[in-house]
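Please open the model in a viewer and keep the selection panel at hand. The stops below follow one another, each with something to select and something to look for.

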Amino acid sequence: MINSAKKFLVLFFILIGFFGFAQEEQENSDEIHHHSISILLGHTTIFQGFENGKRKTESEPSWAVNYNYMFNDKWALGLHNDIIIENFVVEKTSGDEILERNTPITSLIVGTYKIFDGFGVELGGGLEFDKNESFRVARIGAEYGIEITKHNLEVLLSLDYDIVIDAYDGLNIGIGIAKKL
C-alpha cells in the first residue's frame, strides 16, 4: 500500500509539472515574436501593359520575400522584396514612351500597422531595379495573417498597390507563409 501511495504521489507531481509547463507555454503564446521572414507567391496586374501597338492590362507571376521587425503588437517595419518573373512591355504613364521591363526586382521599406488581430495596413517606398532603367516606387497595401501558433507560422494573404513613379502602376495579390522568430 505504501508503494502504491508513493507511485500515486510521483505520478501526481509529474502531472502537475506537465500541466504547469503546458500552462506556461499557453501564457507565453501571446509573446511577441519580433522577427518574421515570409515568402509569397503572387500575381501582379499591370494596368499600362502594351502589346501590338495597344495598351493592355496584363497579369504577370511574381514572388515576394519579406523580412519584418515587430516593435510591438501593432507596429512593424520591414524590407519587402518582389520580383516579377516575366518580361513585359509598358506604356509609361506619360503616354509618350514604351518601356521594356526584364524581370524587375522591387525593394521597399514598408511600415505596417495592425488595425486588429491578423489584419494590417502597409505604407512604404523604395526602388524597382531593372537592367534597362530603375524607378522609385510607392506602396500602399493590406495584409491578413492566419496564425498557426503551434509552429510560429502565419499564412498570409496580401494585396498591395505599387505606383512605379514615372513608369506604371501595379496591383499585387499574393498568398504565402511567414515564420516568426
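Select β2 (54-70) and β3 (75-84). These two strands pair in the antiparallel sense over 9 bridges, and the hairpin that joins β2 to β3 passes through 4 residues. The model is a predicted one. To check the register, pick Asn 68: its bridge partner in β3 is Gly 78.

Keep β3 and add β6, residues 105-116. β3 and β6 run antiparallel too, joined by 9 bridges. For a point of reference between them, select Leu 79, which stands opposite Ile 109 in β6.

Now hide β2 and β6 and show the side chains of β3. Which residues of β3 point to one face and are buried? They are Ala 76, Gly 78, His 80, Asp 82 and Ile 84. Trp 75, Leu 77, Leu 79, Asn 81 and Ile 83 point to the other face and are not buried. Two residues already visited fall on opposite sides of this alternation: Gly 78 belongs to the buried set, and Leu 79 to the other.

**The cavity**

Next, turn on a cavity display. The count is 1 cavity of 30 Å³ or more, and the space in the largest cavity is about 250 Å³. Its lining consists of 29 residues. Select Thr 44, Ser 62, Asp 82, Arg 139 and Asn 172, the lining residues that lie nearest the centre. Asp 82 is the one met before, on the buried face of β3.

Colour the lining by element. Two or more residues each come from β1 (35-51), β2, β3, β7 (119-129), β8 (135-148), β9 (153-164) and β10 (168-180). Which element gives the largest share of the lining? That is β10, with 6 residues. Coloured by residue class instead, the lining divides into 10 nonpolar, 11 polar and 8 charged residues.

**Aromatic pairs**

Clear the selection and show the aromatic rings. The count comes to 5 aromatic pairs. Go to Trp 75 and Tyr 113, whose ring centres are 4.7 Å apart; their planes stand at 50°, so this pair is tilted. The two residues are 38 apart in the chain, with Trp 75 in strand β3 and Tyr 113 in strand β6. Trp 75 is partly exposed at a relative accessible area of 47%, and Tyr 113 is partly exposed at 31%.

Then select Phe 116 and Phe 119. Why does this pair count as stacked? The planes of the two rings are at 20°, which is under the 30 degrees that the class requires. The ring centres lie 5.4 Å apart. Phe 116 has a relative accessible area of 48% and is partly exposed; Phe 119 is partly exposed as well, at 24%.

**Salt bridges**

The last stops are charged side chains. There are 11 salt bridges in the whole structure. Begin with Lys 56 and Glu 51, where the closest N and O atoms are 3.2 Å apart. Lys 56 is partly exposed, with 35% relative accessibility, and Glu 51 is partly exposed, with 39%.

Move to Glu 91 and Arg 55, which meet in a salt bridge at 3.2 Å, N to O. Glu 91 lies in strand β4 (residues 87-91) and Arg 55 in strand β2, so the bridge ties together parts that are 36 residues apart in sequence. Is Glu 91 buried or exposed? Glu 91 is buried, at a relative accessible area of 17%, while Arg 55 is partly exposed at 47%.

Select Lys 180 and Glu 147 next. Their closest N and O atoms are 3.5 Å apart in a salt bridge. Since Lys 180 is in strand β10 and Glu 147 in strand β8, the pair ties together parts 33 residues apart in sequence. Lys 180 is buried, with a relative accessible area of 15%, whereas Glu 147 is partly exposed at 41%.

Finish with Asp 82, Arg 139, Asp 160 and Asp 162, which salt bridges with shared partners join into one network. With the cavity display back on, Asp 82 and Arg 139 can be found again among the lining residues nearest its centre.

Note on methods. Residues numbered from 1 in each chain as written. Predicted model: local features only at pLDDT ≥ 70, side-chain atom pairs only at ≥ 80, totals over all residues. Heavy atoms only, no water. 1 Å grid on protein atoms, 1.4 Å probe; cavity = no way out; pocket = protein on both sides within 12 Å on 5 of 7 lines; lining within 4 Å. Points joined across faces, edges and corners; volume = space filled by probe spheres on them. Nonpolar A, V, L, I, M, F, W, Y, C, P; charged D, E, K, R; others polar. Buried < 20%, exposed > 50% of the residue type's maximum accessible area, 1.4 Å probe, protein only. Pairing = 2+ DSSP bridges. Phe/Tyr/Trp six-rings, centres within 6.5 Å; stacked < 30°, edge-to-face > 60°. Salt bridge = Lys/Arg side-chain N within 4 Å of Asp/Glu carboxyl O.
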